[in-house]
Amino acid sequence: KVQEVEVDIYRTLLDDGTTALMLSLLPDTSSYDSLVTKNEFIFLVDRSGSMQGERMQQTSIALNETLHILPDDALFNIIGFGGTFQPIFEDSQPKSDDNSFLQA
């Protein structure tokens with residue numbers, strides 16, 4: 001089944017001449033049964049050498065603020081990538097699980 005998806009692309013030229021890009025994909029959920037559907041958020045975090053220092057600090061702050069505003073019943077996971085990729089959790093965890101939230 002083909003489903004329509006809203007696509008937004010945000011691009012910013014940074015002071016050092018590099019470009020930051022964010023891609024947002026939002027499926028049409030109007031046909032979903034709200035009793036069955038849960039919100040799941042997967043965050044991809046660049047952990048390569050170019051992200052050291054202030055960039056990683058800013059990323060950490062933004063991610064922390066974003067996790068706090070997720071719906072209470074949301075599932076989440078964070079996948080760090082650089083030379084390899086590594087999820088924090090094997091499976092997405094509920095935001096309501098204090099241990100998972102603190103580990104993130």
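This section describes the fold, strand pairing and nonpolar core of a predicted model of one protein chain.

The protein chain has a mean pLDDT of 81, and 80% of the residues score at least 70. Confidence varies along the chain: the highest mean, 92, belongs to strand E4 (residues 75-81), and the lowest, 60, to helix H2 (residues 98-103). Two helices and six strands make up the secondary structure. In sequence order these elements follow the pattern β-β-β-α-β-β-β-α. The chain has 104 residues, of which 15% count as buried. Among contacts with a separation of 6 or more, 42% are between residues 24 or more positions apart.

Strands E1 (residues 5-13) and E2 (residues 19-27) run antiparallel and are joined by nine bridges. In this pairing, Val 5 is placed opposite Pro 27 of E2. The two strands form a hairpin with five residues between them, and within this hairpin Gly 17 adopts a positive phi near 90°.

Strand E4 pairs with E3, E5 and E6, as set out here in turn. With E3, the arrangement is parallel, and seven bridges link the two strands. Within this pairing Phe 43 faces Ile 78 of E4, and Val 45 is set opposite Gly 80 of E4. The connection from E3 to E4 passes through helix H1, giving a β-α-β crossover that is right-handed. With E5, strand E4 pairs in the antiparallel sense over three bridges. A hairpin of three residues connects E4 to E5, and Phe 81 is found opposite Phe 85 of E5. With E6, the pairing is again antiparallel and consists of two bridges; here Leu 75 has Pro 94 of E6 as its bridge partner.

The largest nonpolar core contains nine residues: Phe 43, Val 45, Leu 63, Leu 67, Leu 70, Ala 74, Phe 76, Ile 78 and Phe 89. At least two residues of this core come from each of strand E3 (40-46), helix H1 (54-68) and strand E4. The elements of the right-handed β-α-β crossover are therefore also contributors to the core, each with at least two residues. Phe 43, a member of the core, illustrates the packing. Leaving aside residues up to four places away in sequence, Phe 43 touches Leu 63, Thr 66, Leu 67, Leu 70, Phe 76, Asn 77, Ile 78 and Ile 79. Among these contacts is Ile 78, which also stands opposite Phe 43 in the pairing with E4.

A search of the whole structure returned one aromatic pair. The pair consists of Phe 76 and Phe 89, whose ring centres are 5.7 Å apart and whose planes meet at 85°; the geometry is therefore edge-to-face. Phe 76 belongs to strand E4, whereas Phe 89 sits in the loop between strand E5 (85-87) and strand E6 (93-94), so the pair ties together parts that are 13 residues apart in sequence. Phe 76 and Phe 89 are both buried, and both are listed in the largest nonpolar core.

The loop between E5 and E6 also contains Glu 90. In contrast to the buried Phe 89, Glu 90 is exposed, with a relative accessible area of 78%. The C-alpha atoms of Glu 90 and Asn 77 are 8.5 Å apart, and the two residues are separated by 13 residues in sequence. Asn 77 is also one of the residues touched by Phe 43.

Phe 81 is likewise a residue of strand E4. Its relative accessible area is 34%, so Phe 81 is classed as partly exposed. Apart from residues up to four places away in sequence, Phe 81 touches Leu 44, Val 45, Asp 46, Arg 47 and Ser 48. For Arg 47, the separation from Phe 81 is 34 residues in sequence but 5.4 Å in space, C-alpha to C-alpha. One of the contacts of Phe 81, Val 45, is a member of the largest nonpolar core.

Technical notes: Residues are numbered from 1 along each chain as its sequence is written. This is a predicted model: local features need pLDDT of at least 70, side-chain atom pairs count only at pLDDT 80 or more; totals for chains, interfaces and linings use all residues. Side-chain values use heavy atoms; hydrogens and water are left out. pLDDT is the predictor's confidence in each residue, from 0 to 100. Helices (H or I, at least four residues) and strands (E, at least two) are DSSP runs, numbered from the N terminus. Rings of Phe, Tyr and Trp (its six-membered ring) pair if their centres lie within 6.5 Å; planes under 30 degrees apart count as stacked, over 60 as edge-to-face and the rest as tilted. Buried means under 20% relative accessible area, exposed over 50%, partly exposed in between (1.4 Å probe, protein chains only). A nonpolar core is a set of buried Ala, Val, Leu, Ile, Met, Phe, Trp, Tyr and Cys residues joined through side-chain atoms within 4.5 Å. Contact means heavy atoms within 4.5 Å. Two strands pair if DSSP finds at least two bridges between them. A crossover is right-handed if, with the strands pointing away from the viewer, the path from the first strand over the helix to the second runs clockwise.
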